[in-house]
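Visitor: Please take me closely through one part of this model, the long buried helix side and the packing around it. What sits there, and what does it touch?

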Amino acid sequence: EEEDAELLAEIEQDCRKLSGSVDSMEILSLFSGEHDSSDAIVVIHPGAGGTESTDWSSMLYEMYCRWATAEEYKLQELDRLPGEEAGIKSVTFSVQGHHAYGKLKAEIGVHRLVRISPFDAQKRRHTSFASVFVYADIEEDINIDIKTDDLKVDTYRASGAGGQHVNTTDSAVRITHLESGIVVTIQDEKSQHKNRAKAMTILRARLLDVERQKQDAERGDARRSQIGGGDRSAKMRTYNFTQDRITDQRIKKSIHGIESFLDGAIDEMIDALSEADEAEKLVTAEF
């Protein structure tokens, strides 16, 4: 009887492991887009709201850092501009790992925060906004014609962390694409040449993303703009501290436990969005 009990316990443990593996494979099978297996480049900008929004942008950045650590992805900060009083005015970072872009692309859009402001002496409720942009890091596959005459390249001394050499030489690079108005700044490396190469990689990815949005609009591809691609001006998720709830407006899904969510536990929402996106693909395919 003891041997049977031990054998049964081993079988139950193996079944749980197998079930977990199957669940993981099912989720990964949802990331079947053209570049879903690629690394990701993420940019966060605060919206209206002053210090409230720069602080909110910093909170989102920390959320993605913790999530990437839990996923065993490599996160590399490429550029960061601190806020005047708190938080960040902008941050650009890469997330390197299998299906990083496939998982993060649903984060594109406007993230809205509702909370009692820690910066308000009267403890009033404030609403803050931050925009998240995600691009596939696919330099080898990008076929974008960028003319030298369309580029304005500025170099300057990097600010923030990086050591004495970074802060005392003109290693930081800002590239402006005059035709589109896209601006990319990188100050991660000590080498101006390396920073310029990274900036060009991001510029190509952003220009390719703009081109895809145009093609989707011409095709009337509402599905992609709803979840997979993201409307850059759309409020897609609300984080409500007063109700301890996160709600994604695109799929009408709410999750309680905002502290845990901001601590990086965002997989439940990512998986739900991926499942909804796959369901919409199937419906579209039927027609």
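Guide: N195 is buried, with a relative accessible area of 0%, where buried means under 20%, exposed over 50% and partly exposed in between (1.4 Å probe, protein chains only). This is a predicted model, in which local features need pLDDT of at least 70 and side-chain atom pairs count only at pLDDT 80 or more, while totals for chains, interfaces and linings use all residues. Residues are numbered from 1 along each chain as its sequence is written, and side-chain values use heavy atoms, with hydrogens and water left out.

N195 belongs to helix α5, residues 192-219; helices (H or I, at least four residues) and strands (E, at least two) are DSSP runs numbered from the N terminus. At 2.8 Å, the N195 side chain reaches the backbone oxygen of S171, a polar contact (N or O atoms within 3.5 Å, one able to donate a hydrogen and the other to accept it; residues adjacent in sequence count only if both atoms are side-chain atoms).

Further along, α5 takes part in the wall of a cavity: it gives the most to the lining of the second largest one, with 4 residues. A cavity is a set of 1 Å grid points over the protein atoms alone where a 1.4 Å probe fits but cannot get out, and lining residues have an atom within 4 Å of a point. The whole structure holds 2 cavities of 30 Å³ or more, and the second largest has a volume of about 60 Å³, taken as the space filled by probe spheres set on points joined across faces, edges and corners. Its lining consists of Y101, Y135, A136, I138, A205, L208, D209 and R212. Both β5 (125-137) and α5 supply at least two of the lining residues. By class, the lining has 6 nonpolar, no polar and 2 charged residues, with Ala, Val, Leu, Ile, Met, Phe, Trp, Tyr, Cys and Pro counted as nonpolar, Asp, Glu, Lys and Arg as charged, and the others, Gly among them, as polar.

Strand β5 also carries F133, which is buried at 17% relative accessible area. F133 lies 9.4 Å from T92, C-alpha to C-alpha, across 41 residues of sequence.

The aromatic rings come next. Rings of Phe, Tyr and Trp (its six-membered ring) pair if their centres lie within 6.5 Å; planes under 30 degrees apart are stacked, over 60 edge-to-face, and the rest tilted. That rule gives 4 aromatic pairs. In one of them, Y61 and F93 have ring centres 5.0 Å apart and planes at 45°, so the pair is tilted. Y61 is in helix α2 (residues 51-70) and F93 in strand β3 (residues 88-96), so the pair ties together parts 32 residues apart in sequence. Y61 is buried at 4% relative accessible area, and F93 is buried at 1%. Another pair is Y239 with F261: the centres are 5.9 Å apart and the planes at 65°, so this one is edge-to-face. Here Y239 of strand β9 (residues 235-240) meets F261 of helix α7 (residues 258-262), 22 residues away. Both residues, Y239 and F261, are buried, and ring pairs link them with W56 into a cluster.

Helix α2 itself is mostly covered, with 16 of its 20 residues buried. After α2 comes E72, with a positive phi near 60°.

Conventions: On a 1 Å grid over the protein atoms alone, a cavity is a set of points where a 1.4 Å probe fits but cannot get out, and a pocket is an open set with protein on both sides within 12 Å along at least five of seven lines; lining residues have an atom within 4 Å of a point.
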